[in-house]
Amino acid sequence: MMKKTLILLTLLPSAALAHTGHDSGSFATGFGHPFSGADHMLAMVALGLLAAQVGGRALWALPLAFVGAMLVGGLMGAAEMPFPAVEPTILASCIILGALVAMAVRLPLPLLLAGTAIFGAAHGWAHGAEGPASGLAVYAAGFAVATAALHGLGIVSGKAIPALAIRGAGFVAALAGVTLAVAG
């Protein structure tokens, strides 16, 4: 099954990195954007898994840091401010977050928060840069809610499945991130 998934990901690099412009400043368009690319979904679910794995304050602090930094990054992208290497940073978020989960690494929370903020800002920049010319606030609310939902999916999954399965999911996320990086 994993082999088939990897083959599909390598055959669909443009779908995996589906960052295209959006012509509607609606909540629904913003909500749909995080689901438009595997890179976004992988990173956001992996962050939720990491938050569940670390537990304690990380359970709420990591998703909150990601979403907050993502909104700031979205404003930067919409304002056409530069963000060097935004796509490699987004892909690195998939790989690094997945690897942290796979290895069950317990880094200090301030370090995790700093990395999470960088990754969140990169994802947000992509959302904002490719967002609508008008209706940005409503669009941003949509992508913030979708991101929080994907983090929540990771947290709920991380609480519901055995530790070994969580680590396996992290490995799959990291491997998929590497696949996307190579395919792109």
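The legends below describe close-up views of a predicted model.

**View 1. The overall fold of the predicted model is made of helices.** The secondary structure of the protein comes to nine helices and zero strands, and, read along the sequence, the pattern is α-α-α-α-α-α-α-α-α. Of the 184 residues in the protein, 45% are buried. Among contacts between residues at least 6 apart in sequence, 83% join residues at least 24 apart. The accessible surface comes to about 8,300 Å², and carbon and sulfur atoms account for 76% of that surface.

**View 2. Helices α4 and α5 pack against each other.** The axes of helix α4 (residues 38–54) and helix α5 (residues 58–78) come within 7 Å and cross at roughly 150 degrees; because angles over 145 degrees count as roughly antiparallel, α4 is described as roughly antiparallel to α5. On the α4 side the contact is made by Met44, Leu47, Leu50, Ala51, Ala52 and Val54, and on the α5 side by Ala58, Leu59, Leu62, Pro63, Phe66 and Met70. Sorted by class, this contact of α4 with α5 has twelve nonpolar residues, with no polar and no charged residues.

**View 3. The largest nonpolar core draws on several helices.** This core has 32 residues, and those with the most contacts inside it are Leu42, Leu50, Leu62, Phe66, Met70 and Leu97. The elements that give two or more residues to the core are α4, α5, α6 (86–102), α7, α8 (136–160) and α9 (163–183), and the largest share, nine residues, comes from α4. Apart from this core lies another one of eight residues, among them Ala69, Ile90, Ala121 and Trp125.

**View 4. Phe66 and Thr116 are in contact with each other.** Leaving aside neighbours within four places in sequence, Phe66 is in contact with Met44, Leu47, Thr116, Phe119, Gly120, His123, Thr147 and His151. Thr116 itself is found in helix α7 (residues 109–129) and is buried, with a relative accessible area of 3%. With neighbours within four places in sequence again left out, the residues in contact with Thr116 are Leu47, Leu62, Ala65 and Phe66. Leu47 therefore appears in the contact lists of both Phe66 and Thr116, and Leu47 and Phe66 also take part in the contact between α4 and α5.

**View 5. Val86 of helix α6 contacts Trp125.** Val86 lies in helix α6 and is buried, with a relative accessible area of 10%. Not counting residues up to four places away in sequence, Val86 touches Ala122 and Trp125. The C-alpha atoms of Val86 and Trp125 are separated by 7.6 Å, although the two residues are 39 apart along the chain. Trp125 is also one of the residues of the eight-residue core.

**View 6. Two loop residues other than glycine have a positive phi****.** Most residues other than glycine have a negative phi. Glu80, in the loop between α5 and α6, has instead a positive phi of about 60 degrees, and at 71% relative accessibility this residue counts as exposed. Ala104, in the loop between α6 and α7, likewise has a positive phi, near 50 degrees, and is partly exposed, with a relative accessible area of 26%.

Conventions. Residues numbered from 1 in each chain as written. Predicted model: local features only at pLDDT ≥ 70, side-chain atom pairs only at ≥ 80, totals over all residues. Heavy atoms only, no water. Axes fitted to C-alpha atoms, helices over the stretch in contact; angles between N-to-C directions. Helix = DSSP H or I, 4+ residues; strand = E, 2+ residues; numbered from the N terminus. Parallel < 35°, antiparallel > 145°, perpendicular 65-115°, else oblique. Contact = heavy atoms within 4.5 Å. Nonpolar A, V, L, I, M, F, W, Y, C, P; charged D, E, K, R; others polar. Buried < 20%, exposed > 50% of the residue type's maximum accessible area, 1.4 Å probe, protein only. Areas by Shrake-Rupley, 256 points an atom, 1.4 Å probe, with all protein chains shown as cover. Core = buried A, V, L, I, M, F, W, Y, C linked by side-chain atoms within 4.5 Å.
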